[in-house]
Amino acid sequence: MDGYELQFGTNHLGHTALTGRLMPLLRAGQARVTTITSSAARSGRIDGEDLRSERHYSPVHAYNLSKPANPLFALELDRLSTAPLRP
């Protein structure tokens, strides 16, 4: 995933990229996105300064860091997909 930690790339960045490509269909009401997360989202915190987990890495830690991104993305996607289109 272009240099990002593999679990973060798999659990978040890949889905974000695909959803971005679907945005025209979402805005037209022709597609839906379902976001699923896990209880790990409660214990994970996104470290914007270390998205590649270079300072501290363990598989469980990386997984826990990736999960809070899912509900945050869902909230932002809802905002973007229902916002009025700009000319």
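Reader: What makes you say that Glu 76 forms a salt bridge with Arg 79?

Author: In this predicted model, the closest N and O atoms of Glu 76 and Arg 79 are 2.6 Å apart. The cut-off is a side-chain nitrogen of Lys or Arg within 4 Å of a carboxyl oxygen of Asp or Glu, so the pair counts. By this rule the count comes to one salt bridge.

Reader: Where do Glu 76 and Arg 79 lie?

Author: Both sit in helix H4, three residues apart, which is about one turn of the helix.

Reader: Buried, partly exposed or exposed: how do you class Glu 76 and Arg 79?

Author: Glu 76 has a relative accessible area of 32%, and Arg 79 comes in at 46%. Partly exposed covers what falls between buried, under 20%, and exposed, over 50%. That's why Glu 76 is called partly exposed, and Arg 79 gets that label too.

Reader: Okay, and why is Leu 72 called exposed?

Author: Leu 72, another one found in helix H4, has 51% relative accessibility. Exposed means over 50%, so Leu 72 makes the cut.

Reader: Which residues make the nonpolar surface patch?

Author: Ile 46, Leu 72 and Leu 75 make it, with an area of about 300 Å². A patch residue needs over 30% relative accessible area, so Leu 72 with its 51% clears that bar.

Reader: What about His 61: buried, partly exposed or exposed?

Author: His 61 has its place in helix H3, residues 59–66. Its relative accessibility is 27%, and the partly exposed class runs between 20% and 50%, so partly exposed is the label for His 61.

Reader: How far apart are His 61 and Thr 19?

Author: They are 42 residues apart in sequence and 25 Å apart in space, C-alpha to C-alpha. Thr 19 is one of the residues nearest the centre of the largest pocket, along with His 15, Val 33, Thr 34 and Thr 35.

Reader: How do you know there's empty space at all?

Author: Rolling a probe the size of a water molecule over the atoms shows where empty space is left. Here the largest pocket has a volume of about 230 Å³, and 15 residues line it.

Reader: Which helices supply at least two residues of that lining?

Author: Helix H1 (6–27) and helix H4 (69–82) each do. H1 gives the most, with seven residues.

Reader: And how do the lining residues divide into nonpolar, polar and charged?

Author: Five are nonpolar, eight polar and two charged. Near the centre, Val 33 is on the nonpolar list, while His and Thr aren't on the nonpolar or charged lists, so His 15, Thr 19, Thr 34 and Thr 35 count as polar.

Key
Residues numbered from 1 in each chain as written. Predicted model: local features only at pLDDT ≥ 70, side-chain atom pairs only at ≥ 80, totals over all residues. Heavy atoms only, no water. 1 Å grid on protein atoms, 1.4 Å probe; cavity = no way out; pocket = protein on both sides within 12 Å on 5 of 7 lines; lining within 4 Å. Points joined across faces, edges and corners; volume = space filled by probe spheres on them. Helix = DSSP H or I, 4+ residues; strand = E, 2+ residues; numbered from the N terminus. Patch = residues over 30% accessible without salt bridge, like charges linked within 9 Å, V, L, I, M, F, W, Y side chains within 5 Å. Areas by Shrake-Rupley, 256 points an atom, 1.4 Å probe, with all protein chains shown as cover. Buried < 20%, exposed > 50% of the residue type's maximum accessible area, 1.4 Å probe, protein only.
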